[in-house]
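Work through the exercises below with the model open. Try each task before reading its solution.

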Amino acid sequence: MCGLLFGALVAWQVDRWLFTPHGLASTWEARDASGILSAASPAGLTQTFTIGADGFDGIWLRPVLDGTTAVHGDLVVDLHAVAGERRVRLTRLVLPAGEAARPASLHVPLPQIHHSRGRTYQLGLRHVRRGQGPALGFRATRDDVLPTGRCFADGVEQWGDLVLRTSSRRATLPYWLHEVLRPWPAWLRAWPTVLVLVLAFNLLLAWTCASASGVLPQRSAALPAVRAAPVPACGPRGVVVTPPVLRLARPFLLVAISTCLLVALWPTPVRRTLDLIDHLPDARITTTWRSLHEGVSRERVVFFGPLRRVIVAMPSTRLAWTVEVPRGSVLQFGAAMRPDMWNRESDGITMDVVIEHRGARLPVAHFTLVPMLIETHKNEHPGYVPLDRWAGQQITVVFETTPERWGNAVNDVPVWVEPRIEWPRAASSGEARIVR
């Protein structure tokens, strides 16, 4: 038993240190990977990522077909090294698109880059089609998974990232030396010191396992055996003694029954809600900031009460959702400056809500907020827009933020508070849907 326990622990160490990759860029296990980006556009797909290990030598991708017929043409794969705004192409591969689309996972081998740790790379994918065959697409996440990565489809930045997994021949024990042990002095991070420490740790582990399993002789004073008195299963005649297990389970049974009753009696809301914050990946976002994720983010803030979910839309930013409108629906939201900016010097912010329908623009809300100068602006300003006139049709709901004067956006952090569409729960009202 002792040998099995110690062997299992040693095997875990060997697998963890020598065979488990670390420091690699990956979105492979993303919770929502339902997005699909086409590689057949003129500019194709690009994805940037940062590697945390040396020996970068390949990328795994998930191809998706737009149709069921055969795919023709070539898949051009480019890998660039990124240094600021500078791009240096390292390699280019041309793969038959038909063969690339066959497996559920596509492995793109690359010449090994020995010193790849801490560097940023850009992957480019472009499907050069021949004839009218289907386009080759790739699976993508619907949320931002790689904090340092940026994904572009046909030159337009996406909210998510490509589903990918990088590979490396040296993403194991060297990672521990370079990253985990980085704060240690140089002499402690040397190979001889590490080997001595690992050996000492395993000797201590072996001794502990042997002691716990009783293999090592243990000195203990002989104690006289004490015979325990039998415990009666029941009390005096006519009295039933409750077993300890039932006495312990009684509070849990009461809690379970109370919870079921509370759920059954909890009132059902009379209206349904489509939360636009949850559908931020479906919005068409344009911003003057260098990166989409620098200009837009999801946060939680407090306005003299509980935490509120908001969309931070740095000026100038445009958020647009195309929605199918049910009967009796309303658009509700709040407009505000983020509270940590209320007392900072600013010339204000302009926030507009517009409904676009069949080529026409209808402004439905306008706010000019200068909380530093006007005390009443230090709060959330609610908006309520009935949408029944567009029932059964598709509209585009647009939220825009712009600087107030001269394009000055210093200390301007506008937020849209819980934008949502609400409509009656009755089946005859229909259902609000986001059109991607």
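Two strands count as paired if DSSP finds at least two bridges between them. Keep in mind that this model is predicted.

**Exercise 1. Pairing in the three-strand sheet**

Task: Find how many bridges join strand E3 to E12, and which residue is the bridge partner of Gly 58.

Solution:
- Start with E3, residues 56-61. Five bridges join this strand to E12, and the two run antiparallel.
- Pick one bridge. Gly 58 has Ser 167 in E12 as its partner.
- Now place the pair in its sheet. The order is E7-E3-E12, an open sheet with antiparallel pairing.
- Look at the borders. Strand E7 (106-113) and strand E12 (164-168) are the edge strands, each pairing on one side only.
- Add the twist. From one strand to the next, it averages 20°.

**Exercise 2. Edges of the six-strand sheet**

Task: State the strand order of the open sheet formed by six strands, and explain why one side of each edge strand is left without a neighbour.

Solution:
- Trace the order: E6-E5-E8-E2-E10-E11, with antiparallel pairing.
- Take the two ends. Strand E6 (86-96) and strand E11 (156-157) each have a single partner strand, so one side of each has no neighbour in the sheet.
- Check the E11 end. Two bridges join E11 to strand E10 (residues 151-153), and this pair runs antiparallel.
- Find a facing pair there. Ala 153 stands opposite Val 156 in E11.

**Exercise 3. The nonpolar cores**

Task: Determine which residues of the largest nonpolar core touch the most other members, and which strands supply at least two residues of this core.

Solution:
- Size the core. The largest one has 48 residues.
- Pick out its best-connected members. Leu 319, Trp 321, Leu 331, Phe 333, Leu 387, Phe 399 and Trp 416 touch the most other members.
- Map the core to strands. At least two residues come from each of E15 (296-302), E16 (307-313), E17 (317-324), E18 (330-337), E19 (349-357), E20 (360-369), E22 (394-403) and E23 (414-424).
- Zoom in on Leu 319. Beyond its neighbours within four places in sequence, its contacts include Ile 311, Ala 313, Phe 399 and Trp 416. Arg 284 is also one of its contacts.
- Look for another core. A second, separate one has 31 residues, among them Ala 39, Val 108, Leu 123 and Leu 162.
- Recall the background: in soluble globular proteins, nonpolar side chains tend to be buried together.

**Exercise 4. Backbone exceptions**

Task: Locate a cis peptide bond, then examine Phe 304 and Glu 418, which have a positive phi although neither is a glycine.

Solution:
- Begin with the general rule. Most residues other than glycine have a negative phi, and most peptide bonds are trans.
- Find the cis bond. Pro 315 and Ser 316 are joined by it, with omega about 0°. Ser 316 sits in the loop between E16 and E17.
- Turn to Phe 304. Its phi is about 55°, and its place is the loop between E15 and E16. Phe 304 counts as exposed because its relative accessibility is 65%, and the cut-off is over 50%.
- Compare Glu 418. Its phi is about 45°, and Glu 418 lies in strand E23. At 23% relative accessibility, Glu 418 counts as partly exposed.

**Exercise 5. The whole chain**

Task: Say how many helices and strands the chain has, and what share of its residues counts as buried.

Solution:
- Count the elements: six helices and 24 strands.
- Take the burial. Of 436 residues, 41% count as buried.
- Check the contacts with a separation of 6 or more. Residues 24 or more positions apart account for 79% of them.
- Finish with the surface. The accessible area is about 25,300 Å², and 60% of this belongs to carbon and sulfur atoms.

Definitions and conventions
Residues numbered from 1 in each chain as written. Predicted model: local features only at pLDDT ≥ 70, side-chain atom pairs only at ≥ 80, totals over all residues. Heavy atoms only, no water. Core = buried A, V, L, I, M, F, W, Y, C linked by side-chain atoms within 4.5 Å. Buried < 20%, exposed > 50% of the residue type's maximum accessible area, 1.4 Å probe, protein only. Helix = DSSP H or I, 4+ residues; strand = E, 2+ residues; numbered from the N terminus. Contact = heavy atoms within 4.5 Å. Axes fitted to C-alpha atoms, helices over the stretch in contact; angles between N-to-C directions. Areas by Shrake-Rupley, 256 points an atom, 1.4 Å probe, with all protein chains shown as cover.
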